[in-house]
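The exercises below go through a structure one part at a time. Each task is followed by a worked solution.

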Amino acid sequence: MIFILVAQTLVNGIQIGAMYGLIAVGLSLTFGVMKILNVAHGEFLMVGGYIAFWLFTLYDIDPLWGLPLIAIALFLLGAAFYQLLFSGLTKFHEEIKMKNTLLVAFGLFLIFPQIARWLWTADERAITPMYSGESFPILGIQCGYVPLCGLVMAVVVILGLHLLLTKTYFGKSVRGTTENWKSAKLMGINVERTYLITFALGAALAGLAGVLVGMTQTVTPDMGMPWTIKALIVLVLAGIGSVGGAFFAGIILGVVESVSAIFMGPYTVALGMGIFLLILMFRPQGLFGKA
Amino acid sequence: MLEVNNIDVYHGDLQALWNVCLEVNEGELVSLIGANGAGKTTIVESISGLLTPASGSVVFNGMRLDKEPTHKVVELGICLVPEGKGIFSGMSVLENLELGSFQKKSRKVKSETLEFVYELFPILKDRTRQVAGTLSGGEQQMLAIGRGLMSKPKLLMLDEPSLGLAPLIVKTIFEVIKQINKSGVGILLVEQNVRAALELSKRAYIIENGRIVQHGDAKGLLSDDQVKDSYLGTGSV
């Protein structure tokens, strides 16, 4: 009995954690490459969730089939917002850039929920295809189809991203820009374009995570900031600059939360913040970051 | 090949260059010498498009460069190896070199250029998988120069390649610079190591407080009394 409880908790934790990882990877990418802390990351997640909701209720498109569509839509949305609001700020000195982009992103966080309330009302929405509540037993543990799909998707996306960053010329240019944007420019890399694509990619990752959140929990206009904060906790836990690290840190947080939920109930949210503070105090470079 | 005509360059409100003119012909080795803070780096950064001159022009093979972004300048065939090397220290040696040939044109001939770079710096071939940040200072400079060559430049600008390196390694690096130049690449060498630079190059420009104060044949400058006095420490006192 105790084995089943532990195993079930672990499985739940890993599934939730994969979602955390997916969200954090997008945030890590934009922060690592262009030193923009996009506090509106969760807003892109919300938009992804609502688009999936629309596709499902209006056009009867299964959210999992809708994933590529949503990724493309969020990529374009991210690119448009970057071009419109952020691109003019990247030429400034690092500190000014950080502050101003933070303000712009914060502005987006204030505006997006209002627009969402107007478009989709304040009601909680959930994406519930037929198989959404179903699960199958494995070794006495119940494994839901939707969380399992989410886990598989997250792993596939993260692996894809890893291959993109290590094997392709574009990916190498992204890493080069992260390390030293001036040298990247001198190598003939169009750093502005790299920034644009990276930001858009971050938004697309958030959108994909939004679909998973919509399928396992609910979509509401105000969901953005809590998810941004969750992603920030994971980011601090992982340290900047490692895609795999952010993903594993996400899983660690997911498992820790599920385990502690048994003992602490609703106080698990505070646990996340506690971890955040402890890591900042004792290991500011994160678990997987370089000192 | 490269003409810099009367450029004025500012860092914010501060004027760093006054009316600077210089010229590098095809396949020529020209050095730019001067003290710390004289404006040497500002000149090469203006040519490569990291800085934009407020007035004047930069012309390369008939094309105006001074309003073009850096990646365009690289595409046209000018590459700057920055001061302090600027290598991507978390990436492997090979990845650094690969990023050097990021431009489509240079990507096509990547493997041949790589052979050429390995011939110049055999040590890089032994270290392809090593993380660049773990190389020694001299090796990092070799990597930076090799990475610059990967773009197949017509003009290679080297900003203080001898900075902080042991004399023996400086000698090797200067030897390679000579070899690169012999292969037909024009070189604009920025140096504080005035004697070595003058012995290596054909012509030289001397810059002081943001102005070109002297230029001419390198051999002539080596025996010039004023140059001896200010830069070589062998003038009559």
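Two strands count as paired if DSSP finds at least two bridges between them. The model used here is a predicted one.

**Exercise 1. Determine how strand 3 of chain B and strand 9 of chain B pair, and give residue partners.**

Step 1. Strand 3 (residues 29-34) and strand 9 (residues 203-208) of chain B are joined by five bridges. The two strands run parallel.

Step 2. Two partner pairs fix the register. Ser31(B) is opposite Ala204(B) of strand 9 of chain B, and Leu32(B) has Tyr205(B) in strand 9 of chain B as its bridge partner.

Step 3. For strand 9 of chain B, burial can be added: five of its six residues are buried, and the strand is mostly covered.

**Exercise 2. Follow strand 9 of chain B into strand 10 of chain B and describe their pairing.**

Step 1. Strand 9 and strand 10 (residues 211-217) of chain B pair over six bridges in the antiparallel sense.

Step 2. One of the partner pairs is Glu208(B) with Arg211(B), the latter in strand 10 of chain B.

Step 3. The hairpin of these strands has two residues between the strands. In this hairpin Asn209(B) adopts a positive phi near 45°.

**Exercise 3. Place these strands in their sheet, and find what packs on that sheet.**

Step 1. The sheet is open and has six strands of chain B in the order 6-7-8-3-9-10, with mixed pairing.

Step 2. Strand 6 (78-81) and strand 10 of chain B are the edge strands, each pairing on one side only.

Step 3. On average, neighbouring strands of this sheet are turned by 15° against each other, direction ignored.

Step 4. Helix 8 (residues 167-182) of chain B packs on the sheet and touches strand 3, strand 7 (155-159) and strand 8 (186-191) of chain B. The direction of this helix makes about 155° with that of strand 8 of chain B.

**Exercise 4. Work out the order and the edges of the four-strand sheet of chain B.**

Step 1. The order is 2-1-4-5; the sheet is open and the pairing antiparallel.

Step 2. Strand 2 (14-24) and strand 5 (63-64) of chain B each have a single partner strand, so one side of each lacks a neighbour in the sheet.

Step 3. Inside the order, strand 1 (residues 2-11) and strand 4 (residues 55-60) of chain B pair over five bridges in the antiparallel sense. Val4(B) stands opposite Val58(B) of strand 4 of chain B.

Step 4. The loop between strand 4 and strand 5 of chain B contains Asn61(B). Phi of Asn61(B) is near 45°, which is positive in a residue other than glycine. Asn61(B) has 14 other C-beta atoms within 10 Å and is therefore partly exposed.

**Exercise 5. Compare two helix packings in chain A: what are the angles, and what are the contacts made of?**

Step 1. Helix 1 (residues 2-34) and helix 5 (residues 145-167) of chain A pack at about 35°, with axes 9 Å apart. Their crossing is left-handed.

Step 2. Residues of this contact include Ile14(A), Ala18(A) and Leu22(A) of helix 1 of chain A and Leu151(A), Ala154(A) and Ile158(A) of helix 5 of chain A. By class, the contact has 12 nonpolar, three polar and no charged residues.

Step 3. Helix 6 and helix 8 (residues 191-216) of chain A pack at about 105°, with axes 10 Å apart. Angles of 65 to 115 degrees count as roughly perpendicular, and these two helices are therefore placed in that class.

Step 4. Here Ser173(A), Val174(A) and Thr177(A) of helix 6 of chain A meet Val191(A), Thr194(A) and Thr198(A) of helix 8 of chain A. The classes are two nonpolar, four polar and no charged residues.

**Exercise 6. Is Lys35(A) buried or exposed, and where is it found?**

Step 1. Lys35(A) is in the loop between helix 1 and helix 2 (41-59) of chain A.

Step 2. Its phi is positive, about 55°, although Lys35(A) is not a glycine.

Step 3. Lys35(A) has 16 C-beta neighbours inside 10 Å and therefore counts as partly exposed.

**Exercise 7. Describe the side of chain A that touches chain B.**

Step 1. The contact takes 15 residues from chain A and 21 residues from chain B.

Step 2. Helix 6 (169-179) and helix 7 (181-186) of chain A are the elements that give two or more residues to this side. Helix 6 of chain A supplies the largest share, six residues.

Step 3. By class, this side of chain A has four nonpolar, six polar and five charged residues.

Definitions and conventions:
Residues numbered from 1 in each chain as written. Chains lettered and ligands numbered in written order. Predicted model: local features only at pLDDT ≥ 70, side-chain atom pairs only at ≥ 80, totals over all residues. Contact = placed C-beta atoms within 7 Å. Nonpolar A, V, L, I, M, F, W, Y, C, P; charged D, E, K, R; others polar. Axes fitted to C-alpha atoms, helices over the stretch in contact; angles between N-to-C directions. Parallel < 35°, antiparallel > 145°, perpendicular 65-115°, else oblique. Left-handed = near helix turned anticlockwise from the far one by under 90°. Buried ≥ 20, exposed ≤ 12 C-beta atoms within 10 Å, placed from the backbone.
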